[in-house]
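Here are a few notes to keep beside you as you look around this structure for the first time. Take them one by one, with the view open.

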Amino acid sequence: MKKLLTILAVGVIFASCTKSEGFLENKTAGLDETQVFSDSLRTIQFLNGIYGDIGFTFNKQRWDTHGNTEQSVDDGEYTYSAAYRPSVMLYQGTLSATNLGTTNPTMIDFWSVPYTNIRRCNMLLRNLPVTPLSATMQSRMQGEARCLRAWYYMQLMSAYGGVPNVGDSVFVITDKLNFPRANYADLVTYVSNELDAAAALLPTPGAAYPAGYDNLDYGRVTKGTCLGLKSRLLLYAASPLFNGGANTTDAGIAAVVSYPTYSVSRWQAAADAAQAVINSGYYALNVDNTTQAGFGFYKMFISRVNNEIIFGKYRPSNKDFEYVYNPPTRSGANYTRGTHNLAECFPMINGKSITDATSGYDAANPYANRDPRFRYTLIYNGSRYATNSNAQDFVWTFTGTGETNDKYVAGTNTGYYIRKMCDSSASYGGSAAGPDRTWPIMRYAEILLNYAEAINETGQTALAYPKLVELRARAGINPGIDNMYGMNPSMTQAEMRAFIQNERRIELAYEDHRWNDIRRWKIAMTLYNGTATGYNKVMHVARVGSAGSLTTGVGLTFTYTVENTIRQHVFRPEMYLLPIPDAEIRKMPLMVQNPGW
């Protein structure tokens, strides 16, 4: 039986959750379609179940309870190296159409999770008119389902290009399915139109809770979510991989995986979509440079309610990220560790790159006077973080006299741990409760970056600066006498492109962007494959002598040595798009494989 048929025609009648999902947790089990949709509460719970998977690619425990794509790029180093693990398959370049979903079946979630939830959305939409819900509630839920369905199609498109579009159909086991893949252009139009239609049915976000939603409904998609997702959709569609960038000479396949030819108008459409979000006034950066420089950036990730989140997975009190990221002395699993590759990307507090001779960077004291986002993203030697006894203390990553369990060890550590999205007052092993956080699937900072990237590609480079100024001001970077926050005021288009790519990398680090970005920009072949840049870099810190106090940090002397031989990454041209599982291709002949696979 076809896998796609199984997903589309057999998948469970209700959307179940395997663990607590907070207010969206499903409570029903073993019910048929009639039982679910003849009851108002069960219908709402069915929709809640569709929300349960929205963060499946963001999930830090996506594969094997501790892996996702952030460990397959140059920002994160993976604790494990077994060849069968999906994260390892991606960075070693060993994935194939045959082992995707067979050697490691968990990796088929790129394909199965979106289609499972597209079917759920279609089933809900088919049954909404016969539910006992009010007309107003039916209309709102229709908008939510269409927005979520668009989101799941976007997940498929970023991985594969064009995929089968099943429309509103809900198939049964006896249906004979043999779907061709939709052309990429047609699928972009379909998803864009769906987001427009959903937006017309949904309420607008409010200052605290979206208008029309009470406290218990906070976190549902709104008109603003649709606008934000459309911004990402059109940005990806305009990017080099999809904007005439197919790696094939077959015109038919090229139309399936991308637009056949390049057009700058797609960049303008992406800029317009981002500008629509900005003009709506629904969202704003979370700014607090009074408490501490860049504190608003840090606080946003551990606050359930704020005006920066556009689309999120809302969670009850938890230590989701503390468990995955905290160093050993805080009882964390540290499955992903920060790399020196990423550390080098952060500028100084004056906004200038560390490679700029006028920046003030000191290689002997590399963590002083950096962009505040640096200390809110990475834990480095001498950082302070809550201990398991809930006291603030240093994290020491050095080797030498007084070294701790957090020390650098060749081959197993990078000299950095990750702080991003963690609560520095609550270690994983401590008794302090974790925050009521949101997984930030999309936030307003991304929209500013989307606009800057798109408008620069239209040739209007000057228009990118104001959005970047907003981001750097919120980050706590000093404005300088020219109020340019360290930016060269006369960048060329190419210089601005590189600048925006770097700014996006540091602003959105560990937020499920880097894997998609290096592919859509088509830069992965340059980043990896045998050159010095193909390795994740580490920082080896060694203590000089035994003078000074580990308690106060006073009088200590260290040497800092950058090494770049920890783990080679391999990327092949065909990996810009993932292979559709071979079993799907063999069982559905009309569904052609991606180029190179």
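**Notes for a first look**

1. Let's begin with helix H5, residues 109-127, in what is a predicted model. Its 19 residues reach 26 Å from the first C-alpha to the last, close to the 27 Å expected at 1.5 Å a residue. Is H5 mostly covered or mostly uncovered? It is mostly covered, with 17 of the 19 residues of H5 buried.

2. Now step back to the whole protein chain. Its secondary structure comes to 20 helices and ten strands, and 59% of its 597 residues count as buried. The C-alpha trace spans about 75 × 55 × 50 Å along the principal axes. A compact globule of 597 residues would have a radius of gyration near 25 Å, so the 24 Å of the protein chain agrees with that expectation.

3. For a look at strands, try S9, residues 538-543. Five of the six residues of S9 are buried, so to speak of it as mostly covered is fair by the under 20% relative accessible area cut-off. S9 runs antiparallel to strand S10 (residues 558-563), and six bridges join the two. If you would like one pair to find on screen, Met539 has Val562 in S10 as its bridge partner.

4. Next come the enclosed spaces. Rolling a probe the size of a water molecule over the atoms shows where empty space is left. How many cavities of 30 Å³ or more does a search of the whole structure find? The search finds four, and the largest cavity has a volume of about 240 Å³. Lining this largest cavity are 27 residues, and Asp512, His513, Arg514, Trp515 and Asn516 are the closest to its centre.

5. Which helix gives the most to the lining of the largest cavity? That is H18, with five residues. Helix H6 (135-160), H17 and H18 (514-520) each supply at least two residues of this lining. By class, the lining of the largest cavity divides into ten nonpolar, seven polar and ten charged residues.

6. Finally, please visit the second largest pocket, where about 300 Å³ of space lies. Of the 16 residues that line this pocket, Cys345, Lys352, Ser353, Phe499 and Asn502 lie nearest its centre. Helix H17 (residues 493-507) gives the most to the lining of the second largest pocket, with three residues. The lining of this pocket has six nonpolar, six polar and four charged residues.

Conventions:
Residues numbered from 1 in each chain as written. Predicted model: local features only at pLDDT ≥ 70, side-chain atom pairs only at ≥ 80, totals over all residues. Heavy atoms only, no water. Helix = DSSP H or I, 4+ residues; strand = E, 2+ residues; numbered from the N terminus. Expected span 1.5 Å × (residues − 1). Buried < 20%, exposed > 50% of the residue type's maximum accessible area, 1.4 Å probe, protein only. Pairing = 2+ DSSP bridges. 1 Å grid on protein atoms, 1.4 Å probe; cavity = no way out; pocket = protein on both sides within 12 Å on 5 of 7 lines; lining within 4 Å. Points joined across faces, edges and corners; volume = space filled by probe spheres on them. Nonpolar A, V, L, I, M, F, W, Y, C, P; charged D, E, K, R; others polar. Rg over C-alpha atoms; globule rule 2.2 N^0.38 Å.
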